[in-house]
Amino acid sequence: MPDKSLEVEALKAFSPLDGLKAENLRALSEKTKVQEIPGGRFLFRKGDTDRRTIYVISGEVELRDGDRVLSVIEGGTHDARSPLSPGLPRRASARARSRVEYIAIDSDLLDVMLTWDQTGTYEVSELRIGSLPESDDWMTTLLQTKAFHRIPAANIQAIFMRMQQVNFKAGDVVIKQGDEGDYFYVITDGRCAVTRETPLNRDGIKLADLGPGDTFGEEALISHAKRNATVTMVTDGSLMRLGQDDFNTLMNEPMLQWVDFEEASRIVANGGQWVDVRLPSEFESYHQDGAINIPLYFIRLKLKTLDPSKPYVVCCDTGRRSSAAAYILSERGLDAHVLRGGLTMADIEGR
């Protein structure tokens, strides 16, 4: 069967996809194809570490530990709303009992989308201050890049807030090969050409065409070397740029108190509190004993309910959303720690 796309409305049947904003759901639907596997085949095996979030659409899937069937997930049921065996490495094997239709989503992409949606929910007006473009398309595109997956969530909003918009005409040179690095750029409108001059070609060899959401300029900032290519506007357009100091500061992990599962457990045993900032549907699926659930998008609204004399260990699946929440708590003077690696690692260490 050829892969087919899944409509936005169909994605809303799954948790935590139902927590995404409309534009991110649309972007996700364009990247998500329905796949099929015959009965008797495995979707994954116990111990696998492939970072895919898998949902059953139709058919029955057995979650197995060796020859023992732990549970059966049937497409369209309440249990099928949650991803199959989300912890890594997988704690069970997933075997199709019948012909199964399913979707597999890049887990890092999904986590970044959830983090950005929840971090920005109450800050949209702030992000519109100044000269930010009216369209969020470039933001969505940028957040889907693998490079942006590595940026700590607590920094994402600051990066967008500190970017400056600059406008160019077709033919303008944005950066020139051999110059010192000064800015990191994101294209928000228009197209650019990347060329590199060589001893045999003074006019430059064309290396790439870039469009909205594409970035450039980071190599020189990271390596403290000169620009290794020239970027020229092909059309009129607008770029967002981030200065070298902000780039170097915000691309580095923020000064947060990261703890492993053993240290987190010790903090909680000595009077601390787990704060799980995932969506309620994720929390319902599994969570640490004694944890309270405050979804990231509610964290500012719930600050007054937290005891300033108590240490908190903030957790999510991966550490991305919890780092954003811990940043907010720390900014307000609370003693917040972040579970390194998130609950995925807690599942491993806590067994």
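G87 sits in the loop between β6 and β7. In this predicted model, G87 has 0% relative accessibility, so G87 counts as buried. Now look along the chain for L343. G87 and L343 are 256 residues apart in sequence. In space, their C-alpha atoms are 7.8 Å apart.

Stay in this loop a moment. S85 also has its place between β6 and β7. Its phi is near 35 degrees, a positive value in a residue other than glycine. Is S85 buried or exposed? Its relative accessible area is 11%. The cut-off for buried is under 20%, so S85 is buried. P89 lies in the loop between β6 and β7 too. The peptide bond that leads from L88 to P89 is cis, and its omega is near -5 degrees.

A second cis bond can be found elsewhere. It runs from S15 to P16, with omega near 5 degrees. P16 is found in the loop between α1, residues 8-11, and α2, residues 22-31.

Step back to the whole chain. It has 13 helices and 21 strands. Of its 351 residues, 47% are buried. What share of the contacts between residues at least 6 apart in sequence join residues at least 24 apart? The share is 74%. The pair G87 and L343, 256 residues apart in sequence, gave one view of such distances along the chain.

Next, go to helix α13, which covers residues 342-349. G342 has its place in this helix. Its relative accessible area is 0%, so G342 is buried. Which residues touch G342, if neighbours within four places in sequence are left aside? They are C316, D317, T318 and G319. Another residue to find is D260. D260 and G342 are 82 residues apart along the chain, and their C-alpha atoms are separated by 9.0 Å.

T318 leads on to another helix. D111 lies in helix α3, residues 107-120. Leaving aside neighbours within four places in sequence, D111 is in contact with T318, R320 and R321. The side chains of D111 and T318 also make a polar contact, at 2.6 Å. How accessible is D111, buried or exposed? Its relative accessibility is 4%, so D111 counts as buried. T318 therefore appears in two contact lists: that of G342 and that of D111.

Helix α10 shows how burial can be arranged around a helix. It spans residues 261-269, and its buried residues are F261, A264 and I267. Seen down the axis of α10, these buried residues fall within an arc of 120 degrees, so they line one face of the helix. The general rule helps here. An α-helix has 3.6 residues a turn, so residues three or four places apart point the same way. On the other side of α10, E262 and A269 are exposed. Just after α10 comes G271, with a positive phi of about 105 degrees.

Now turn to the spaces inside. The structure holds 2 cavities of 30 Å³ or more. The largest cavity has a volume of about 360 Å³. Its lining is made of 24 residues. Which of them lie nearest its centre? They are T53, P83, P86, E282 and D317. The elements that give two or more residues to this lining are β4 (52-58), α3 and α11 (280-285). Helix α3 gives the most, with 4 residues. This is the helix that holds D111. By type, the cavity lining divides into 7 nonpolar, 8 polar and 9 charged residues. D317, one of the residues nearest the cavity centre, is also among the contacts of G342.

Last comes the largest pocket. Its volume is about 450 Å³. It is lined by 20 residues. Nearest its centre lie D79, S82, P83, S285 and Y286. Strand β6, residues 68-74, supplies at least two residues of the lining, and so does α11. The pocket lining divides into 8 nonpolar, 7 polar and 5 charged residues. Look for P83 in both places: P83 is named near the centre of the largest pocket and near the centre of the largest cavity. Helix α11 also gives residues to both, to the lining of the cavity and to that of the pocket.

Key. Residues numbered from 1 in each chain as written. Predicted model: local features only at pLDDT ≥ 70, side-chain atom pairs only at ≥ 80, totals over all residues. Heavy atoms only, no water. Buried < 20%, exposed > 50% of the residue type's maximum accessible area, 1.4 Å probe, protein only. Polar contact = N/O pair within 3.5 Å; in protein donor to acceptor, adjacent residues only side chain to side chain. Contact = heavy atoms within 4.5 Å. Arc of directions from axis to C-beta. 1 Å grid on protein atoms, 1.4 Å probe; cavity = no way out; pocket = protein on both sides within 12 Å on 5 of 7 lines; lining within 4 Å. Points joined across faces, edges and corners; volume = space filled by probe spheres on them. Nonpolar A, V, L, I, M, F, W, Y, C, P; charged D, E, K, R; others polar.
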